Amino acid sequence: MEKIPYWEIEAKLVGKNDKSLPICLVEYQITPDRVTKNSMLNVGEDYTDYFYVNPMQAVGRKNGVSNPVLARPHGGRAVSLIGEEKITVGNNEYTVNVKGAGTIALMWGKHTDDGYNKMTLYTDATSDIDHGHSVRVRETGIPGLSYGMKMGKFKLVSLITNLDFDPGEEGAHRPIGGQDPYIAGEALKSSVSMQKDGVKMNFCPVLSTVEMDLKNYTKTICSEEEHKCETVEKPRYAQEIRLVPSNIRIDTPSHHLGILPVNAAADVIRQDLVNKAVDLDGFVENMVNTSKQIYFLPYFSRKENSVDRYNAYTFSASDVPADTTLDGRGNAFYTDLESIDRRELSKLELLLKTAGAVYETSNEGLPAFIYTLFIANQLGYREQAGNTTEKLKRLKEDYKGRLDGFLSPESYIRINPDDKTIVSHVELDGEGITVKNGFRGNRLQFLSSIIGGGF
């Protein structure tokens, strides 16, 4: 079977003085205080044994500090290692991705566009440490890492700070740029559990979690206008070392540097597929079919434990399309495993969640699936300009007869462009439910009503 190589399209940093070059960061590997490995997956590499920090946070550490490695920002607080051998598992090639390795910031200036808090960043590192800044990949190839480059008048660095991402909230707290040890541990547990249970959904496995007490973290001072900033007492930091098949996601927030979302870059992605001689129709078909396995995870992973009650894997606190990565053939992989829990659901709860009448996160189940059909339609060949009625007409035309039995032989989706509704019917072990889903204006915001069922 053909190996599918790691897929990447350059996501450009567009700045005042640099309109084309991607960012490449220098990261140092530090011996962590604790390593917990995935018992179900051993890739035979040592990337899983280190904690990754920028050079400022490596200076003066007593722990072992290895030679620097190159990394590229892929997300709000994740980096992917580059210039190293790719890792093959099964039929897919991956790169190592470190979640919790820092948020891109301006080293000497205000950082007000990161979506977290308005703040000014200061560091106790001195200005002569210039090898910790972003470097020109195109100019240096794989550089000796002895010098850096300025982006405009500022220097960029990937920071882990002592500022709390979740001030005042109950539960786990994340330092900005880092990961909470409990959350990272939950991601590893989900990775192992789903593999043991044989869950038929592609996901990005967590190879290990690493923890340490970063006593040399960057000092952070909040601006006077911002009063939500809080520091974490005795902060401990964790990172998830995981595998990802590409830097392409179905959707993603705009501040996720280095990730290219299909919804905003369909033309670029389509051309790249054509250049690589990838069958576009096959790519779109794979994207639809494998993303369906993700969006309807509770339905597909269900196991009955008593009459009309099921144990199933469910999502919490996740925008599922934004956390879904595509490989070079369109196969969808779910990335953020800490948002997956195993819960008990009644049959009615499971039917409502699957049919799109109830969803607890920002986008999963039927709403996410319909949204992805629009994106697949756009990626295939059609422009998505126009109102909701026109978009629904295109979907009805392109998916005519293909939405019958979308989950089981008895299930179906009916697209009704004239009244801007979508009717879904889901069967589950002899009982079913029919739900009409509407739109609010031209936005893909579902308004649901139950119009039939055995309950």
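Two strands pair if DSSP finds at least two bridges between them. Helices (H or I, at least four residues) and strands (E, at least two) are DSSP runs, numbered from the N terminus.

This is a predicted model, where local features need pLDDT of at least 70 and side-chain atom pairs count only at pLDDT 80 or more, while totals for chains, interfaces and linings use all residues. Residues are numbered from 1 along each chain as its sequence is written, and side-chain values use heavy atoms, with hydrogens and water left out.

**The sheet**

β18 and β19 (residues 309-315) pair antiparallel over three bridges. Tyr-310 in β19 is the bridge partner of Glu-304. With β22 added, three strands form an open antiparallel sheet, ordered β18-β19-β22. β18 (303-306) and β22 (340-346) each have a single partner strand, so one side of each lacks a neighbour in the sheet. From one strand to the next, the twist averages 40°.

Two helices pack on this sheet. Contact means heavy atoms within 4.5 Å. Angles run from 0 to 180 degrees between N-to-C directions, with axes fitted to C-alpha atoms, for helices over the stretch in contact.

| Helix | Strands touched | Angle with β22 |
|---|---|---|
| α3 (residues 181-197) | β18, β19 and β22 | about 55° |
| α7 (residues 347-355) | β19 and β22 | about 120° |

**The cores**

A nonpolar core is a set of buried Ala, Val, Leu, Ile, Met, Phe, Trp, Tyr and Cys residues joined through side-chain atoms within 4.5 Å. Buried means under 20% relative accessible area (1.4 Å probe, protein chains only). The largest nonpolar core has 68 residues. Helix α8 (residues 365-380) gives the most to this core, with 10 residues. A second, separate core has 28 residues, including Tyr-94 and Leu-207.

Methods:
Buried < 20%, exposed > 50% of the residue type's maximum accessible area, 1.4 Å probe, protein only.
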